[in-house]
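Student: I've got a protein model open and I'd like to zoom in on just one part of it. Could you walk me through that part slowly, and then show me how the rest fits around it?

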Amino acid sequence: MTSIVYRGVGPRVAYARRVADLTQAELARAANVALGTVRKIERNERGISGDLLDAVAAALDIDPVRLLPDTERSDDRLHQAMPSLSAVLAEYEAPKTARAARRRPLRERFNPWSRSG
């Protein structure tokens, strides 16, 4: 079975480690890898396998995908989906009670002293 080796994750690992306020030695200990391995990864001198990526991400308490370069962020996917979601919402047929409420004058709908509002 072939193992995928991810390249270019070093700067992301280093950044996530600093955000987590860990030293390279602490990260190595938490991920159960050699200190030299962490140093080489952060300097982009070596790639990182899937298992090692999972171990480092677990030690940093983050999703492994966040360490991969050129990955799409979840909020980017949300922004891309907004036009489709807006189109679906525009076609939504409101229930009859909501349509009837919209026909009432605005001051009746939002009057704090009215019994129906």
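Student: Asn-32 is in the loop between helix 2 and helix 3. Which residues and helices surround that spot, and what do they touch?

Tutor: Good place to stop and look. Keep in mind that this is a predicted model. Asn-32 belongs to the loop that joins helix 2 to helix 3, and with a relative accessibility of 70% this residue counts as exposed, because the cut-off for that word is over 50%. Now look across to Ala-55. Asn-32 and Ala-55 are separated by 23 residues in sequence, yet their C-alpha atoms are 7.6 Å apart in space.

Step back to Ala-31. Ala-31 is part of helix 2, which covers residues 24–31. Is Ala-31 buried or exposed? It is buried, since its relative accessible area is 7% and buried means under 20%. So you have an exposed Asn-32 and a buried Ala-31 to compare on your screen. Ala-31 also has a partner far along the sequence: Asp-54 is 23 residues away in the chain, with 8.8 Å between the two C-alpha atoms. If you set aside neighbours within four places in sequence, Ala-31 is in contact with Ala-55, Val-56 and Ala-59.

Those contacts lead us to a pair of helices. On the helix 2 side you'll find Leu-27, Ala-30 and Ala-31, and they meet Ala-55, Val-56, Ala-59 and Leu-60 of helix 4. Helix 4 covers residues 50–60, and its axis comes within 8 Å of the axis of helix 2, with the two crossing at roughly 115°. If you turn the model to look at how they pass, the crossing is right-handed.

Next, follow the chain past the loop into helix 3, which covers residues 35–42 and holds Thr-37. Thr-37 is buried too, at 17% relative accessible area. Beyond residues up to four places away in sequence, Thr-37 touches Arg-46 and Leu-52.

Helix 3 has another residue to show you, and it brings in charge. Side chains of opposite charge can pair when their charged atoms come close. Here, the side chains of Arg-17 and Glu-42 form a salt bridge, at 2.6 Å from N to O. That pair ties together distant parts of the chain: Arg-17 sits in helix 1 (residues 10–19) and Glu-42 in helix 3, 25 residues apart. Both partners are buried, Arg-17 with a relative accessible area of 11% and Glu-42 with 12%. The structure has two salt bridges. Besides the one we just looked at, Glu-45 pairs with Arg-43, and their closest N and O atoms are 3.0 Å apart.

Now for two loops with a backbone quirk. Most residues other than glycine have a negative phi. Asp-21, in the loop between helix 1 and helix 2, has a positive phi, near 60°. Asp-21 is exposed, with 66% relative accessible area. Then check the loop between helix 4 and helix 5, where you'll find Asp-61. Asp-61 also has a positive phi, about 60°, although it isn't a glycine, and at 70% relative accessible area Asp-61 is exposed.

Carry on into helix 5, residues 74–91, and pick out Leu-85. Leu-85 is partly exposed, because its relative accessible area of 42% falls between the cut-offs of 20% and 50%. Together with Leu-78 and Met-82, Leu-85 forms a nonpolar patch on the surface, with about 270 Å² of accessible area for the three of them.

Finally, zoom all the way out. The protein has seven helices and two strands, and along the sequence they come in the order β-α-α-α-β-α-α-α-α. Of its 117 residues, 21% are buried, and Ala-31 is one of the buried kind. The accessible surface comes to about 9,000 Å², with 53% of that belonging to carbon and sulfur atoms. Remember how Ala-31 reached across to helix 4? Take the contacts between residues at least 6 apart in sequence: 58% of them join residues at least 24 apart. That gives you a backdrop for your loop, where Asn-32 is 7.6 Å from Ala-55, C-alpha to C-alpha.

Methods
Residues numbered from 1 in each chain as written. Predicted model: local features only at pLDDT ≥ 70, side-chain atom pairs only at ≥ 80, totals over all residues. Heavy atoms only, no water. Helix = DSSP H or I, 4+ residues; strand = E, 2+ residues; numbered from the N terminus. Buried < 20%, exposed > 50% of the residue type's maximum accessible area, 1.4 Å probe, protein only. Contact = heavy atoms within 4.5 Å. Patch = residues over 30% accessible without salt bridge, like charges linked within 9 Å, V, L, I, M, F, W, Y side chains within 5 Å. Areas by Shrake-Rupley, 256 points an atom, 1.4 Å probe, with all protein chains shown as cover. Salt bridge = Lys/Arg side-chain N within 4 Å of Asp/Glu carboxyl O. Axes fitted to C-alpha atoms, helices over the stretch in contact; angles between N-to-C directions. Left-handed = near helix turned anticlockwise from the far one by under 90°.
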